[in-house]
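Colleague: Please take one close look at the packing of a pair of helices, and then set a second pair beside it.

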Amino acid sequence: EATGFGAVYFLRQMLEKAGMDIKGQTIAISGFGNVAWGAATKATELGAKVVTISGPDGYIYDPAGLDAEKIAYMLELRASNNDVVEPYAKKFPGSQFFAGKKPWEVKVDIAMPCATQNELDLDDAKKLVANGCKYVVEGANMPTTTDATTFLIENGVYFAPGKAANAGGVAVSGLEMSQNHEHLSWTFEEVDEKLKGIMNSIYTAAASAAAEYGHEGNLVFGANIAGFLKVADAMMAQGVC
């Protein structure tokens, strides 16, 4: 769940920077695997309303929002290995299944693509903008196409690239390695606090780099610069350059 949790922590930093709270925000999430489950779990825990999940067969729209029971059912769907989400609509009255479609046509405040690469294209981006979506946070690896990313940013959507926003999984793998090497044992709560700190630092690095180099608010630009500088500084410290 670290990747999904981390993406939500990153989103929370973006919202706080704008003087907003994640509580009460409406979120569309794609996918129903580990990342989507983690993002839905943490967003719901923090008071947001997650209204969609999706699979290869289509997407579910649940206007009442996900709760603990519904999120647990996501895991059951995944464990069945049938790779479909349609049964959700049959189990929970009031929800709807849209065959062969993606959740980006639903009117929401925030979109979190957490399924697969290139799942959010230009047409999807146009639907999100038309419906007033203000934040897109990537949970999957490169789920938004390049032209869609450009369109979203040019139309005032705050966009968090996966190279920054979905770093939580790799970060917690690093924490696991630290525990093993140092023969330490941290509780879930301790690891979660460390993850929050890591995601906050990543956001700060990307936002600061964007502002310093003349692209304030553009986290794609900021994440690229911050990442490059970190690698360059490490190389210089090792005497490579």
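Modeller: An angle between helices is called roughly parallel under 35 degrees, roughly antiparallel over 145, roughly perpendicular from 65 to 115, and oblique otherwise. The model is predicted, with local features needing pLDDT of at least 70 and side-chain atom pairs pLDDT 80 or more, whereas totals for chains, interfaces and linings use all residues. Numbering starts from 1 along each chain as its sequence is written, and side-chain values use heavy atoms, without hydrogens and water.

Helix H8 (residues 168-182) packs against helix H9 (residues 188-212) at about 130°, and their axes are 10 Å apart. Helices here are DSSP runs (H or I, at least four residues) numbered from the N terminus; axes are lines fitted to C-alpha atoms over the stretch in contact, with angles from 0 to 180 degrees between N-to-C directions. H8 and H9 are therefore oblique to each other. Their crossing is right-handed, that is, the near helix is turned clockwise from the far one by less than a right angle. To the contact (heavy atoms within 4.5 Å), H8 contributes Gly168, Ala171, Val172, Leu175 and Gln179, and H9 contributes Val191, Lys194, Leu195, Ile198 and Met199. These residues comprise seven nonpolar, two polar and one charged; Ala, Val, Leu, Ile, Met, Phe, Trp, Tyr, Cys and Pro count as nonpolar, Asp, Glu, Lys and Arg as charged, and the others, Gly among them, as polar.

In the second pair, the axes of H1 (residues 2-17) and H2 (residues 34-45) come within 6 Å and cross at roughly 45°. H1 and H2 are therefore oblique to each other, and their crossing is right-handed. Thr3, Gly4, Phe5, Val8 and Tyr9 of H1 meet Val35, Gly38, Ala39, Thr41, Lys42 and Ala43 of H2. By class, this contact of H1 with H2 holds six nonpolar, four polar and one charged residues.

Conventions: Helices (H or I, at least four residues) and strands (E, at least two) are DSSP runs, numbered from the N terminus.
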